[in-house]
Amino acid sequence: MQSYRKVEVIVGIFVLIGVLSMSWMAIKLGQIGGMGASGYSLKATFADAGGLRVGADVMMAGVSIGRLSSIALNDDSEAAVTLEIQNDVELSTDAIAAVRTKGIIGERYVRMSQGADDEVLTDGDELEETESAINIEDLISKYIFQGKE
Amino acid sequence: MMNTVEKQSMMVQWLGGLGRWCLQSIEKIGDASVLSAVSLAYFFKRPWQGKHIVLQMYALGVGSLIIMAITGAFTGMVLALQGYYTLAKFGSESLLGSGVALSILRELGPVLGALMLIGRAGSSITAEIGIMRVTEQLDALQMMAINPHARVILPRIIATTLALPLLVSIFDVIGLAASYVVGVELLGVNSGAFLGEMVAKVIPMDLYAGWLKALCFGFLVGVICTYMGYRAEPTTEGVAHATTQAVVVSSVSILILDYVLTSFFL
Amino acid sequence: MIRTQHLSRKFGTMTALDDVNIHVKPHEATVIMGGSGSGKTTLLRLLASLECPTSGNIYFSDESLVGITQKRLYELRAKMGMVFQYSALLNSLSVFENVAFPLREHTDLDDFIIQTMVTMKLEQVGLRGFEHMMPSQLSGGMAKRVAFARAIAMDPEVVFFDEPTSGLDPISAGVISNMILDLTKKAKMTSIVVTHDVHAGLDIADHVILLWQGKVIMEGTSDMIRNSDDARVLQFIEGRPDGPIPFSRSETAFVDDLMHKPGTVRMA
């Protein structure tokens, strides 16, 4: 019976290590729980959010400051997007959100540029200024048809 | 030269064999489901088998820890090395962290972990139960008013189901750490880019998918290996055959189930 | 103590037991004898309720074992012990833990009392001092003695023995036979022994049941068996290779098989 106690302790340590590994991954990598507690959400509407996905980065000056948490079509046939921004980042009310691409063939992300206003955005506010995704196909076709006219 | 009648009869024989094989497989799947369902029902009945679950966690879970750590470390190292030279061609070494993390978390952790569990613990489950059958130990338990379903099968299925997600998480962490060492310390990828990309690309769904896979795989390994042992032919060759079968069948089922689960989560 | 009524057991198309009616009286040693394949092990497994009969019924002190709930069967098992052919010791446990196993599982006795009881049982089989050995370190005879001690650990009313002396040297076999005798005569337990060892069997028995091809061919005291003039009984107890129980198990004519005659029925 003494040896069973030992087995119990070792199994306990094993479970502890396993659960620690799980929670480390959850907090550090998945940012489960961490984000919701330390971030605030902003809404933005884009005429074209082509290529954006849930989980996409929100970056300012090349630094990640949050994530895209939801994307849906609103009734005006525009893309309504919710962004989760880290609490320590303050954005002015006239900050600009733009859909951009990392590199030429990289993935889409939301680029934020700071505005000039003194007031800051708080949880649930809507970003007024947005720039839609630049669609390379549209650009190319524009040039082609311009040439024909 | 074979005439048409002979060809036809060969075809019929072949088809008959295929049909028989299918029927037998379905019968076995049914038998295994019933056996594990009956056994798992004892989870809710007295006497409580907690002590035996802990003992099996020790034998199957803790026992597989070392091999998981080694496999995890080398998987992470190889992925980093291989990934680096592929990505370097496109000048996108910075993606190394996310590439390694996603492969390990979603696929390699659960699948390699399950395969290691089969090799280390699954085969021993089948052999042990098979030998208990051969040496009449299962009957002896019956005669001592101990239900072998509750005492022998149930704790093993529960133990593999609980242990694999834990083992896979340890595998993942060690794999990621090893890929960091190779990627950043040895190959000189920027540490910030490596970790930043890793954190940026991994979404909670990746983690959930990995854990859910590990849970399902652990359960499947437990069910198949206990079934194979319990229904082993009570001879020495029977147990040997059952052990081989258990490893083959559970490995193949894991790979098939992995495809099914992956297609659900993408 | 245990009765059977028109007991039959079939495996596929093969009939292992056919309409067996026996009565095991309490405080007696009943020995079931027969050659290999006579169905004696099947009968023992049916009596111990390890298997279910195809038809017929088994009564354990007037309670039917057919269709019994598992809960009730496990309660009755407290009154049964069994010594298996290959001892069936749990090989992950020491000798002490094997004998203590039923006590630990079914009683709330504290370690001190269990220690005392296990020591008593091991003394009874002459293995006191071997508590810490593992089953893999024991010889066949010793393993069987430990199995014996385990079977009587709960002081059962009935003890089943499956080939208790097979595979043992003559001395160990004698020791086991003596222990079974003591069990019935002194401890007043009921023992049911399955064996093909004629001499050990007849020495132990108060009541002998002789099986042949799944049927009871002779029943009575040891002396009745010894003095029987039934040719099949004589052949069995004298161990003659040929007689009413034929040497050849083939069902087709030898000549036909050699000639590859069409229509020859061959055994699979």
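**View 1. Polar contacts and salt bridges across the interface of chain A and chain B.** Across the interface of chain A and chain B in this predicted model, the rule finds 0 residue pairs in polar contact with both residues at pLDDT 80 or more, a polar contact being a pair of N or O atoms within 3.5 Å, where within protein one must be able to donate a hydrogen and the other to accept it, and where residues adjacent in sequence count only if both atoms are side-chain atoms. The number of salt bridges found across this interface is likewise 0, a salt bridge being a side-chain nitrogen of Lys or Arg within 4 Å of a carboxyl oxygen of Asp or Glu. Residues are numbered from 1 along each chain as its sequence is written, and chains are lettered from A and ligands numbered from 1 in the order in which they are written. Local features need pLDDT of at least 70, side-chain atom pairs count only at pLDDT 80 or more, and totals for chains, interfaces and linings use all residues, while side-chain values use heavy atoms, with hydrogens and water left out.

**View 2. The surface that chain A presents to chain B.** In this interface 26 residues of chain A are in contact with 29 residues of chain B, where contact means heavy atoms within 4.5 Å. The two chains bury about 2300 Å² between them, with 81% of it on carbon and sulfur atoms; buried area is the accessible area (1.4 Å probe) that two parts lose on being put together, summed over both. On the side of chain A, the residues that lose the most area to chain B are Phe14(A), Met25(A) and Leu29(A), which together give 29% of what that side buries. The element α1(A) gives the most to this side, with 17 residues, helices (H or I, at least four residues) and strands (E, at least two) being DSSP runs numbered from the N terminus.

**View 3. The largest nonpolar core, in chains A and B.** A nonpolar core is a set of buried Ala, Val, Leu, Ile, Met, Phe, Trp, Tyr and Cys residues joined through side-chain atoms within 4.5 Å, and buried means under 20% relative accessible area, exposed over 50% and partly exposed in between (1.4 Å probe, protein chains only). The largest such core has 51 residues, and Phe14(A), Met57(B), Leu117(B), Leu141(B), Leu164(B) and Phe217(B) touch the most other members. Its largest share, 14 residues, comes from α6(B). Leaving aside neighbours within four places in sequence, Leu164(B) is in contact with residues including Met68(B), Leu117(B), Ala214(B) and Phe217(B).

**View 4. The interface of chain C and chain B.** This contact takes 22 residues from chain C and 16 residues from chain B, and the area buried between them is about 1700 Å², of which carbon and sulfur atoms give 58%. Tyr74(C), Arg77(C) and Phe84(C) lose the most area to chain B on the side of chain C, together 28% of what that side buries. The count of salt bridges here is 2, and in one salt bridge the side chains of Arg151(B) and Glu105(C) meet at 2.8 Å, N to O. There are also 9 residue pairs in polar contact between chain C and chain B, both residues at pLDDT 80 or more.
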